[in-house]
Amino acid sequence: MFLHNLPFISIFHKCKTIKQFKEAHSQLVIRGLNHPPASLRPIISFSALDPSGDTNYAILLLLFRTCLASPVFLFNTVIRGLARSHGRGTFAPSSLLVLNRMAELNLTPNNFTFTFLFQGCSNFCTFDLGRQFHGMLVKNSLEMDVFIRNSVIQFYSVCGEMDDARRVFDESDEIDVVSWNSMINGYARNGHMSEALDMFDKMPKRNNVSWNSVLGALTKFGFLDDAYRLFVEMPRRSLVSWVVMISGCAQNGRPKEALALFREMLSLQQEPNSAILVSVLSACSHLGALHHGNWVYAYIEQKHVKIDSILSAALIDLYAKCGIIDLAMQVFGSTKKKCVSTYTAAISGLAMNGRSKEALQLFEAMKAEGISPDSISYIAVLSACSHEGWVDKGFHYFNSMSDVCGIKPELDHYACMVDLLGRAGLLEEAERFVASMPIKPDSAIWGALLGACRVHGNAEMGQRVGNLLIHSDQNHDGHYILLSNIYAESMKGEDAEEVRKTMRKRKVKRVPGYSLIELDGVVHEFLAGDRSHEKTGKVYHAWDEIVSEIKKFGYNAETRGVVFDVEEEEKETLVGYHSEKLALAFGFMSTKPGSLIRIVKNIRICSDCHSAFKLISKVFRRKIAVRDRKRYHHFEDGHCSCMDYW
DNA sequence: ATAGGGTTAG
């Protein structure tokens, strides 16, 4: 490079990376060229703003080489850089350093300076610092333009100080649509829905952002029906609106609606982005809707959508949750850039499908790759141990969490351990484990223990834990049912009925057990004793035929847990017509002999269904895959992949 | 230069 022939500013002209900038800069220094500080402007801006930049370098140059032309602009640039992500952790001290230097040089911060300062305070939630800046503004009686004012409102909203945000809003005579939207967002973000809606009603002119903010708040808090009404009413739906609506449904237990919206979106020629595809895949996973999922996968390939590590995790989860673990692992293998989520999806998929040994091997492989496990990957590992009854291994991993990885176990991890001990029949140890917890056990922990009490028939502990639970967490239907079953199974029919009565008296909403089966791209749903399906007569007939066949091979209906009196309409929900049995019968009459049947269930499979399905798989030579709340049961030739441990 | 969405793995 003929540096001496070039004007100083052009030296940086061709630089594209921070490395090249630094190289060029060092050339300047090495050759001792007497360059004016103004020539450093390009490298300061680049270091401050480019994602690959180096804010510390920018500060260094700025602090020691100042006296530049139009310097306030450059100071603002550096603060703007600090306010963005790569200033993380050092925003407060660095911005103060820069401000001090400005003061030394007698430079006055302007509107831009403050806008960026508040942006930084919002991004890093440095409340005290932001307050100080606000004080500086007032003290210097700096004229607040609409940009600063909105950044102050934004700052207070993010910090959860809505009263302060409101004061700034109310005291201004110049308010624009952004100010209104910032207030609405702030209220919504902090859970004050009625205030958000009130402002939405009052604002003089709404734009897309206003509508989407309210929409987002409604779906975030689970008011999906209201959200949908708003969605229909909206003057214009942007891509953001679709993302909010579809991910809202997918995350709030409305997967069917998510799929319906997705179809509507496509029919309107609106192109989905990858966030939507991930949500849709997640909805398919929940439903076990393999046809839909396959269609989405085909769409992704046809449109050449980039399969990043998140989209890949969603695909792996889809196939794992549809019981096709080999295909899930194929997707895993073909994913170039894997992140901890990609691995975790594969680990839990393997464990869910009865291949826990490989799950743990994959966990080790991930660590060997240099990818650090996070708290969710530990959940996957602990539940793998739990599926197999590997108590020692479970404790090994549980201890290594904090010892090796520095991850503090949370309630979910403790719940896994209680589940692990409880299912292995170590009920006393499980109870002692709960007693030794450093954090207060929640109802999920006690629920895990209660579940184990039922499985192992420990009536004494079951009653104790169950009564504690229905007292402390009164709206959870499952606890009443478990406790009542525990009573019933220890021949205490009256106590069982009493629990049911309490449940009715408290108007606890019962979420029914259901089973889903997908046929030709349509997801069919069955409840226990359900008679709403259009082919219901044939379905019941088909099941009765199946039963008479397997009875010849020794099937005896188990009636454990149904000895207590139930109301007339509940009688039909007895074990004999559990939802998975109806779904299976429907599958039998609608598919070719010998083909695989896949069923997805929202609660755990009962032991009667389990033994019936084992026999069916042998007698009718059918592979049956049932996904229950916890895991997969792959039935084949009289056996189940869970080895009867679940 | 100010405001909105973001998905995944238990």
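This is a short conversation about how some terms apply to a predicted model.

Tutor: Welcome! The model is predicted, so local features need pLDDT of at least 70 and side-chain atom pairs count only at pLDDT 80 or more, while totals for chains, interfaces and linings use all residues. Residues are numbered from 1 along each chain as its sequence is written, chains are lettered from A and ligands numbered from 1 in the order in which they are written, and side-chain values use heavy atoms, with hydrogens and water left out.

Student: Why is Asn212 called buried?

Tutor: Buried means under 20% relative accessible area, exposed means over 50%, and partly exposed lies in between (1.4 Å probe, protein chains only). Asn212 has 9%, so it is buried. Its place is in helix H12, residues 208-220; helices (H or I, at least four residues) and strands (E, at least two) are DSSP runs numbered from the N terminus.

Student: What makes Glu233 exposed?

Tutor: Its relative accessibility is 54%, so Glu233 counts as exposed. Glu233 belongs to helix H13, residues 224-233.

Student: How do you know that the side chains of Asn212 and Ser241 make a polar contact?

Tutor: A polar contact is a pair of N or O atoms within 3.5 Å; within protein, one must be able to donate a hydrogen and the other to accept it, and residues adjacent in sequence count only if both atoms are side-chain atoms. For the side chains of Asn212 and Ser241 the value is 2.8 Å, so the pair fits the definition. Setting aside neighbours within four places in sequence, Asn212 is also in contact (heavy atoms within 4.5 Å) with residues including Met234 and Val240.

Student: What makes a residue count as near DNA strand B?

Tutor: One of its heavy atoms must lie within 4 Å of the strand. There are 42 residues around DNA strand B, and Asn150, Asn212, Ala275, Ser341 and Asp412 come nearest. A side-chain N or O atom of Asn150 is 2.4 Å from a base oxygen of the strand, and for Asn207 the distance from such a side-chain atom to a base nitrogen is 3.0 Å. Ala275 instead brings a backbone N or O atom to 3.0 Å from a base oxygen.

Student: Why are S3 and S4 called paired strands?

Tutor: Two strands pair if DSSP finds at least two bridges between them. S3 and S4 have four bridges, in the parallel sense, so they pass. Ile597 stands opposite Ile624 in S4.

Student: What makes S2 and S6 edge strands?

Tutor: The open sheet has six strands in the order S2-S1-S3-S4-S5-S6, with mixed pairing. Strands S2 (522-527) and S6 (639-640) each have a single partner strand, so one side of each is left without a neighbour in the sheet. S6 is joined to S5 (residues 632-636) by two bridges, and the two run antiparallel.

Student: How do you know that both faces of S4 are covered?

Tutor: Ile624 and Val626 on one side and Ala625 and Arg627 on the other are all buried.

Student: What makes the phi of Arg621 worth a look?

Tutor: Most residues other than glycine have a negative phi. Arg621 has a positive phi, near 50°, and lies in the loop between H32 and S4. At 71% relative accessibility, Arg621 counts as exposed.

Student: Why is Asp644 called partly exposed?

Tutor: Its relative accessibility is 43%, so Asp644 falls in the in-between class. Asp644 sits in the segment after S6 and has a positive phi, near 65°.
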